[in-house]
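Subject: Structure for your study

Dear colleague,

Please find below the sequence and structure that I am handing over to you. I would be grateful if you could read the notes after it with the structure open beside you.

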Amino acid sequence: MGGEVQLVLPTRIELVTNDADKLLVLEDIERFSDGSGWKALLRVRSGWLAFEHDLYFSEKHLASAISSLATMSRNGHAIAKLTGTWEPDFLCLELHTLGHVEVRGEIGHGDSWKQIVRFSFQTDQTVIAPLMRDLSALLHTGI
């Protein structure tokens, strides 16, 4: 992704699902000094699967994800995807029928992705507005 880490933001973004078996948190969020994007510790629990790993995402993809979340908040179909410019890792939210939101992602580690974690869980559309608010605040921090 480019650049050195500039500052650690006092930010924790949690997808509040009201289900202890479904957790998604971005914490220890750091913006790159060149402003190109962020690094965050991604923590996931999906049923029996639980892991944490760094997720890198670009400013362009963050802005696009926020726009997609805005479409979802109006009950429109969209896919909000956080990813980096060069990294293949990603985190997606997609609004389906009846207000169901699919949360999924793929995180790799090692040369040629010798270890890959794919996860997915379903929650409801009440997660959209708070997530959009928190990601918008991150985008507009100016840090």
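The notes that follow go from the whole chain to its parts.

**The chain as a whole**

Please keep in mind that this is a predicted model. The chain holds two helices and nine strands. Read from the N terminus, these elements come in the order β-β-β-β-β-α-β-β-β-β-α. The chain has 143 residues, and buried residues make up 47% of them. Among the contacts in the chain with a separation of 6 or more, 43% are between residues 24 or more positions apart.

**The four-stranded sheet**

Four strands are joined in an open sheet, in the order S6-S7-S8-S9, with antiparallel pairing. At the edges are strand S6 (79-83) and strand S9 (115-124), each of which pairs on one side only. From one strand to the next, the twist averages 10 degrees.

Strand S7 (residues 90-95) is paired with S8 in the antiparallel sense over six bridges. Within this pairing, Cys-92 has Arg-104 of S8 as its bridge partner, and Leu-95 stands opposite Val-101 of S8. Four residues lie between the strands in the hairpin of S7 and S8, where Leu-98 takes a positive phi near 60 degrees.

On the other side of the pairing scheme, S8 and S9 are joined in the antiparallel sense over ten bridges. Here Val-101 has Thr-123 of S9 as its bridge partner.

As background to these pairings, side chains in a regular strand alternate between the two faces of the sheet.

**Two residues of S8**

Glu-106 lies in strand S8, which covers residues 100-109. Is Glu-106 buried or exposed? Its relative accessibility is 16%, and the cut-off for buried is under 20%, so Glu-106 counts as buried. The side chain of Glu-106 is joined to that of Arg-118 by a polar contact of 2.6 Å.

Val-103 belongs to the largest nonpolar core, which has 37 residues; Leu-24, Leu-62 and Val-103 touch the most other members. Beyond its neighbours within four places in sequence, Val-103 is in contact with Leu-15, Leu-24, Leu-91, Cys-92, Leu-93, Phe-119, Ser-120, Phe-121 and Thr-123.

**Helix H1**

H1 lies across S6 and S7 and runs at about 160 degrees to S6. Ser-68 is found in this helix, which spans residues 59-73. With a relative accessibility of 12%, against a cut-off of under 20%, Ser-68 therefore counts as buried. Which residues does Ser-68 contact, leaving aside its neighbours within four places in sequence? They are Ala-78, Ile-79 and Ala-80. In addition, the side chain of Ser-68 reaches the backbone oxygen of Ile-79 at 3.1 Å.

**Helix H2**

Helix H2 has twelve residues, numbered 128-139. What span should H2 have at 1.5 Å a residue? The expected span is 1.5 Å times one less than the number of residues, so H2 should span 16 Å. The C-alpha atoms at the ends of H2 are 16 Å apart, which agrees. The buried residues of H2 are Ile-128, Leu-131, Met-132, Asp-134, Leu-135, Ser-136, Leu-138 and Leu-139.

With kind regards,

A colleague

Terms used: Residues numbered from 1 in each chain as written. Predicted model: local features only at pLDDT ≥ 70, side-chain atom pairs only at ≥ 80, totals over all residues. Heavy atoms only, no water. Buried < 20%, exposed > 50% of the residue type's maximum accessible area, 1.4 Å probe, protein only. Polar contact = N/O pair within 3.5 Å; in protein donor to acceptor, adjacent residues only side chain to side chain. Contact = heavy atoms within 4.5 Å. Pairing = 2+ DSSP bridges. Axes fitted to C-alpha atoms, helices over the stretch in contact; angles between N-to-C directions. Core = buried A, V, L, I, M, F, W, Y, C linked by side-chain atoms within 4.5 Å.
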